[in-house]
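Biologist: Please take one part of this chain and look at it closely. Start with the whole, then zoom in on a helix and what lies around it.

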Amino acid sequence: RTYSGKVWNSAGKEEVAYTQIFKDDSALKNIYNVRERITHEPLSLVTGEIIITEKLSENLGLGIGDTLTIESKDGIQHDLQISGIMELYVYHHVLMDEATYRSVFGDVPDDNTVYVSFEDDGLLSQEDLSAISNIDGIESVSLNSSIMDSFEKMITGINGVVVILLISSMALAFVCLLYTSPSPRDATLSR
């Protein structure tokens, strides 16, 4: 179950995040490799608490043990404690189990998201995706692999710019050294 809603820190700074509700921790781990970015320590859902993505944590200035105000699908706001900050680079996410959502907001929203894992994403053509999205009740279809491909292409482009900047700065430093070092003629005149 996924919905997009507002989240706030205690100072009132607001972001929009995808709140995802999982039956339990094993259901979460079937979809995400939930881990802390630096240590790669695995994270688990804790009933009564939430896991948020690192960029959301940075944007709102929050850490483990802090509280985040979350808006339910019905617009009800409630504070929840952060038990983990996970590595994920696409969108802002707030993850929790059904028991947490139910205890805070009441009824859990109806299922509205289906995650399907393929050994090879190449098995789905654009026509297949169009056919799936034309089924009554389906609002969108997205492939995580296409999102990740776009991300990787963007990073590759940035890496190219960094290499060009490094080469340019080294060439500039070399030119500066040539024009600032004394010439052999200057050395003989100074004697």
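Modeller: The accessible surface of the chain comes to about 12700 Å². Carbon and sulfur atoms hold 55% of that surface. Keep in mind that this is a predicted model. The chain has 191 residues, and 29% of them are buried. Its secondary structure consists of 6 helices and 6 strands. Along the sequence they come in the order β-β-α-β-α-β-β-β-α-α-α-α. Now look at the contacts with a separation of 6 or more. Of these, 62% join residues 24 or more positions apart.

Now zoom in on helix α3. It spans residues 98-105. Which of its residues are buried? They are E98, T100, Y101, V104 and F105. These buried residues cover an arc of only 160° around the axis, so they sit on the same side of α3. A general rule helps here. An α-helix has 3.6 residues a turn, so residues three or four places apart point the same way. Try the rule on the list of buried residues as you turn the model.

What covers that buried side? The cover of the buried residues includes strands β1 (2-8), β2 (14-22) and β3 (49-53). It also includes β4 (67-71), β5 (77-86) and β6 (93-97). Next, follow the chain out of the helix. Just after α3 comes G106, with a positive phi of about 100°.

Two of those covering strands, β4 and β5, are joined by a loop that holds K73. Is K73 buried, exposed or partly exposed? K73 is partly exposed, because its relative accessible area is 45%, and partly exposed runs between 20% and 50%. K73 also has a distant partner in sequence to look at. K73 and P109 are 36 residues apart in sequence. In space, their C-alpha atoms are 7.5 Å apart.

For a second helix, go to α2, residues 54-60. S57 lies in it. S57 has a relative accessibility of 6%, so it counts as buried; the cut-off is under 20%. Where does its side chain reach? The side chain of S57 reaches the backbone oxygen of L62, at 2.4 Å. Now set aside the neighbours of S57 within four places in sequence. S57 is then in contact with I52, L62, G63 and I85. L62 therefore turns up twice for S57: in that list of contacts, and as the owner of the backbone oxygen that the side chain reaches.

Key:
Residues are numbered from 1 along each chain as its sequence is written. This is a predicted model: local features need pLDDT of at least 70, side-chain atom pairs count only at pLDDT 80 or more; totals for chains, interfaces and linings use all residues. Side-chain values use heavy atoms; hydrogens and water are left out. Buried means under 20% relative accessible area, exposed over 50%, partly exposed in between (1.4 Å probe, protein chains only). Helices (H or I, at least four residues) and strands (E, at least two) are DSSP runs, numbered from the N terminus. The arc is that of the directions from the helix axis to the C-beta atoms. Contact means heavy atoms within 4.5 Å. A polar contact is a pair of N or O atoms within 3.5 Å; within protein, one must be able to donate a hydrogen and the other to accept it, and residues adjacent in sequence count only if both atoms are side-chain atoms. Accessible areas come from the Shrake-Rupley method with a 1.4 Å probe; for residues, only the protein chains shown count as cover.
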